[in-house]
Amino acid sequence: MAEESDLEKTEPPSGRRLDKAREEGQVPQSRELTAFLVMAAGAGALWGLSGWFVRRGEEVMRMGLALDRRAAFDDHALGQSLMAMGSEALTTLAPFFLATLIAALLSPVLLTGGWVFSPKALTFRPERLDPLKGLGRMFSWHSVAELVKGVLKALLLGGIVWWVVANERDNLFALLGLPIETALPSFGRMILYAFVGFVAGLAVVALIDVPFQLWRYYTGLKMTKEELKQELKELEGDPQLKARIRSQQREMARRRMMAEVPKADVVVTNPTHFAVALKYDGAQMGAPQVVAKGMNLVAQKIRELAEEHQVPVLELPPLARALYRHVEIGEAVPAALYTAVAEVMAYVYQLNAFLAQGAAHGLVPPTPPAMVSVPPSLDPGVAD
């Protein structure tokens with residue numbers, strides 16, 4: 001049962017899957033929304049520019065019905081007249097076409113948040129020419145749903161058009177006996193009413209189709225639990241590989257740290273559990289810095305390297321614990337530990353001076369500090 005549930009597409013699509021689908025040109029589409037927006041824009045243009053259309057329409061009709069005596073004797077006059085009339089007609093309809101074009105371009109923005117251009121969608125795919133797959137698409141549930149939707153839409157819109165025509169039938173026939181100045185505005189109002197009714201029907205269809213198309217799109221992109229796990233693994237990396245990388249990074253950091261021990265001024269120990277190497281360069285540092293630290297086996301290795309390279313090693317458990325707990329590698333010691341670290345560095349300077357010339361003059365070597373003052377709040381041995 002667990003294997004079957006892993007193979008079922010029950011998980012919503014991830015952001016990466018949605019982005020990949022957009023790159024391949026797979027976006028939610030609703031032809032009904034586009035049709036509604038185009039028709040609504042057309043109806044709005046007719047409503048707002050009705051006076052313009054009537055005046056220009058009258059002019060075009062007069063040009064078409066006027067008889068120019070010159071046209072009967074000039075072979076080119078008729079063509080010029082038709083071109084002039086066509087130009088007037090295009091100028092008249094230009095706002096209408098512009099409004100519908102903008103509406104058509106606005107449709108994908110409402111569904112996908114922007115226009116999507118995918119070169120992958122234009123690539124040739126031989127499987128699209130497979131007749132068996134074509135028959136499968138023709139008789140699929142999607143085709144049946146589209147057929148039912150088309151029939152219902154035709155019935156709805158056809159009913160609206162029939163209702164408009166039935167109500168305006170008498171007025172439509174009455175136009176035949178009216179002068180053109182009266183007939184054209186009346187006919188324009190009829191066309192506008194038909195447009196409004198048609199747009200209302202398309203709005204109902206779009207309100208039903210858009211949620212359905214969105215549901216169908218996101219359902220088709222659902223993922224199985226196994227696919228989701230695989231994607232997360234690809235994004236975050238293989239856990240075993242990441243563990244090996246972290247292990248190698250820690251090893252490299254440890255090697256770099258160990259390389260700094262021979263350059264340290266002093267190593268403070270616990271004496272066995274902790275070891276912290278300190279270095280101070282007055283020209284470059286405002287305070288001594290921790291250049292290496294470790295516990296147990298790492299601490300033992302730090303002590304061995306320090307003794308091998310003749311770096312002084314002091315057993316000061318409270319200071320070693322405080323430095324190990326509160327100061328990271330490369331950081332300066334905190335102000336609360338200045339006094340304790342200053343005592344240690346003073347001993348180191350005295351020891352270096354003795355080793356440089358004191359032994360030759362019979363001087364007594366300095367005594368290492370047996371204990372230093374560490375605030376109890378910074379000593380884990382006391383705070384815990």
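This briefing covers a four-stranded sheet, the helices packed on it, two nonpolar cores and one buried aspartate. The model is predicted. Its sheet is open, with strands in the order β5-β4-β3-β6 and mixed pairing. The largest nonpolar core has 26 residues, and β3, β4, α13 and α14 each supply at least two of them.

**The sheet**

- The edges of the sheet are formed by β5 (289-295) and β6 (313-315), each of which pairs on one side only.
- On average, neighbouring strands of this sheet are turned by 20° against each other, direction ignored.
- Strands β4 and β5 are antiparallel and are paired over six bridges.
- Within this pairing, Leu278 stands opposite Val290 in β5.
- Strand β3 (residues 266-269) runs parallel to β6, and three bridges join the two.
- Thr269 has Glu315 in β6 as its bridge partner.
- Strand β5 is mostly covered, with five of its seven residues buried.

**Helices on the sheet**

- Helix α12 (residues 297-308) lies across β3, β4 (274-279), β5 and β6, and runs at about 125° to β5.
- Helix α13 (residues 317-326) also packs on the sheet, where it touches β3, β4, β5 and β6.
- The direction of α13 makes about 80° with that of β4.

**Nonpolar cores**

- In soluble globular proteins, nonpolar side chains tend to be buried together.
- In the largest nonpolar core, the residues with the most contacts inside it are Leu278, Leu319, Leu323 and Leu337.
- Helix α14 (338-358) gives the most to this core, with seven residues.
- Leaving aside neighbours within four places in sequence, Leu278 is in contact with Ala264, Asp265, Val266, Val268, Gln289, Val290, Leu323, Val333 and Val341.
- Another core, of 14 residues, lies apart from the largest one, and its members include Ala277, Val291, Ile302 and Leu305.

**A buried aspartate**

- Asp209 is found in helix α9, which spans residues 180-220.
- Asp209 counts as buried because its relative accessibility is 3%, and the cut-off for buried is under 20%.
- Beyond its neighbours within four places in sequence, Asp209 is in contact with Ser30, Arg31, Glu32 and Lys149.

Key:
Residues numbered from 1 in each chain as written. Predicted model: local features only at pLDDT ≥ 70, side-chain atom pairs only at ≥ 80, totals over all residues. Heavy atoms only, no water. Pairing = 2+ DSSP bridges. Axes fitted to C-alpha atoms, helices over the stretch in contact; angles between N-to-C directions. Contact = heavy atoms within 4.5 Å. Buried < 20%, exposed > 50% of the residue type's maximum accessible area, 1.4 Å probe, protein only. Core = buried A, V, L, I, M, F, W, Y, C linked by side-chain atoms within 4.5 Å.
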